[in-house]
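Could you walk me through this model in the viewer, one selection at a time? I'd like to know what to click next and what I'll find there.

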Amino acid sequence: MDNKEILYKMLLIRRMEQKIESLFSQGLLRGTTHCCIGEEAVPVALSVLIDMDKDYLCSGHRAHGLSMMMTGKPETLLGEIMGKPYGMAKGLGGSQHVYYKNYFTNGITGGMAPVTVGIAFALKHDGGDAIATVVFGDGAMNEGYVLESFNMAQSMGLPVLFILENNGYAMSTPIETVNPYTVFEDRVKGFALPYQRVEASDFDNLFAVLKDAVEKVRTERTPQFVEVMTHRFCGHSKSDKRAYIPQERDDYWHEHDCVKGVAAKLTPAEVEAIEAEVAQRVEEVYQYCVTH
Amino acid sequence: MNTYKESLIDGLERLLADPKVFLLGEDVEDPYGGAYTITKGMSTRMPGKVLNTPMSEQGFTGLGVGMALAGYKPIVEIMFGDFSTLIMDQILNHASKFVEGFEKRLHLVVRDPMGGYRGYGATHSQSLEKLYVGLPHIAVITPSVLHAPGELLVKSMELGVPVIFAENKLDYTRKMFAAEKIAEAFEIKYHGGDFPVAEAGFPGEEPEVTLIGYGGLVHPLLQMMYDLYMEEEVAVRLLDVSSLSPMDFDLLYSLVKDDAKVLTIEEGHVPFGIGDAIISNLAQRGMRCQFRSVGAKQHIIGTSKEAEALALPQIDDIKELILNW
Ligand SMILES: Cc1ncc(C[n+]2csc(CCOP(=O)(O)OP(=O)(O)O)c2C)c(N)n1
Ligand SMILES: [Mg+2]
């Protein structure tokens, strides 16, 4: 991916998410939704690191970015949220319960971790170099079955990549208030999992770390763990006003926004052109979904 | 196959011959071979196919769900059915949702040994199959001494939905009914398809009461029926259901619609038990007869014989109930 493609993908996610938020606030969508504004970097990186024809990818409630990156068809995500038959899960799943080829999401926080370990078991027995990846949040780090998954993956030696997107909050609960350590390194290393930590702001750096982890899982057929420090600029779900997030945290992350980081590597004219291209694509997706 | 255990072992070995089948659970490998020695020798005979897991019921059940999602056919063994509370999230909120939500056939059987009368106490004696019935895309299958567990196990793996395979711990020590001496006095008929209803009665007799039951109580109920017939000249018949969920209510109705007295019997707690659901369904079809349901009473299952008897249904009480009805 060159920087233009990276920016295009990041902005496509962000502008689609903003569109989805605005449709919800206008009362045009049903149910709930969890957007990933600010957290676009991991999905964009995985869009080229994961091979949907052989690898598996699982995630949870905050997966619009992954969904759009895996399908390449945002209309199947928006259509799903709108309950359309051409949605990713034929309109049965809504925002949280979607699938596409070997990509699956579910609404139980962290519950896909043991499932992904089981997929990795199958992939190991299949032979070949396919891997299983699961993406989850800091809140999921306190679900017992997620910890059980770390233990099983390492003790059974399975080709699974754990990606923790640490955005500092589980819904409104700051990690500091519910964890003795605010970085999870020691906990993860307690399961003897190879661990790397990286901030989502510098895409090239993030990409290098994830690529390295993916390649190790592919070749060594054993687990890897990457903790990505990130931030969500939007509410937890459609109605959340983010009263619990201090201004300083937002300020830091506005400085370290992954989108800004990539945009800075392009000329203003290039950025503008990409913005325009994205805006047009979002409008096409929206028009398709309201007319089909 | 003479015994319940032999049948079960045979079914497991037939399944394990498939390269996609693995058995996972706590202490299932040799030399231990499982808490009831069902898998004894298997990990040695079939290296890599029968695997010890860490003590993480939720985790390794999820592992099974993931294997099934990737096209494998795992058998997950839960040491005591009581611990199936721990796995419900993976079965209900994951596996069952994937069947319809992701349009996936999942081949996954959870072996879940239920039942008491062994003095093991409140957390090692329950019959919790009722927690899993009536839920979309979950099957609950109950072998017994009339329904060979090995046969049902092999068929369960083909259902394409997660299966709670509710074995019974006392049944592990029993013969299949056909191998029992008293079986000669009975006439046994099977109704329905892959997961039939077994009908046990006495040739040429009009039953005074129809019992509907399943699982581990089938064995003592058959003995009780024999005693009632021989000693009191009271003929009752038993319908033994092998699929609690989905339940073939049409078939059950067709078998009982002309009866005057129907008694459902289960080892799990009532009310809100399996029998209550059966009676409700029959009543909603307009069936007019006397209905009774028996199950465990509202006590925890104590370890002493007396304490256990406070909770678990007692065959003598059932006999009395029938005689005085
Ligand atoms: C088992 C479970 N408990 C609670 C919830 C409700 N819930 C949904 S998301 C969430 C917070 C998750 O936090 P985290 O894992 O950090 O992910 P993030 O939302 O930050 O992306 C909660 C409490 C749930 N869906 N599942
Ligand atoms: Mg979080």
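Start with the sheet in chain A, bearing in mind that this is a predicted model. Color its seven strands and you can read off the order E2-E3-E1-E4-E5-E9-E8; the sheet is open and the pairing is mixed. At the edges sit strand E2 (99-100) and strand E8 (195-199) of chain A, each with a pairing partner on one side only.

Next, pick residues 160-166 and 224-229 of chain A. These are strands E5 and E9, which run parallel and are joined by six bridges. Want a landmark there? Show A:Leu164 and look across to E9(A), where A:Glu227 stands opposite.

Now bring chain B into view. The contact involves 28 residues of chain A and 28 residues of chain B. Together the two chains bury about 2300 Å², with 69% of that on carbon and sulfur atoms.

For the polar side of things, nine residue pairs are in polar contact across the interface of chain A and chain B, both residues being at pLDDT 80 or more. Which parts of chain A should you select here? Strand E3 (103-105), helix H5 (112-126) and helix H6 (144-156) each supply at least two residues of the side that touches chain B. H5(A) gives the most, with ten residues. Color that side of chain A by residue class and you get 18 nonpolar, seven polar and three charged.

Last stop: the salt bridges, of which there are two between chain A and chain B. Zoom in on one of them, A:Lys90 with B:Glu103, where the closest N and O atoms are 2.8 Å apart.

Methods
Residues are numbered from 1 along each chain as its sequence is written. Chains are lettered from A and ligands numbered from 1 in the order in which they are written. This is a predicted model: local features need pLDDT of at least 70, side-chain atom pairs count only at pLDDT 80 or more; totals for chains, interfaces and linings use all residues. Side-chain values use heavy atoms; hydrogens and water are left out. Contact means heavy atoms within 4.5 Å. Buried area is the accessible area (1.4 Å probe) that two parts lose on being put together, summed over both. A salt bridge is a side-chain nitrogen of Lys or Arg within 4 Å of a carboxyl oxygen of Asp or Glu. A polar contact is a pair of N or O atoms within 3.5 Å; within protein, one must be able to donate a hydrogen and the other to accept it, and residues adjacent in sequence count only if both atoms are side-chain atoms. Helices (H or I, at least four residues) and strands (E, at least two) are DSSP runs, numbered from the N terminus. Ala, Val, Leu, Ile, Met, Phe, Trp, Tyr, Cys and Pro count as nonpolar, Asp, Glu, Lys and Arg as charged, and the others, Gly among them, as polar. Two strands pair if DSSP finds at least two bridges between them.
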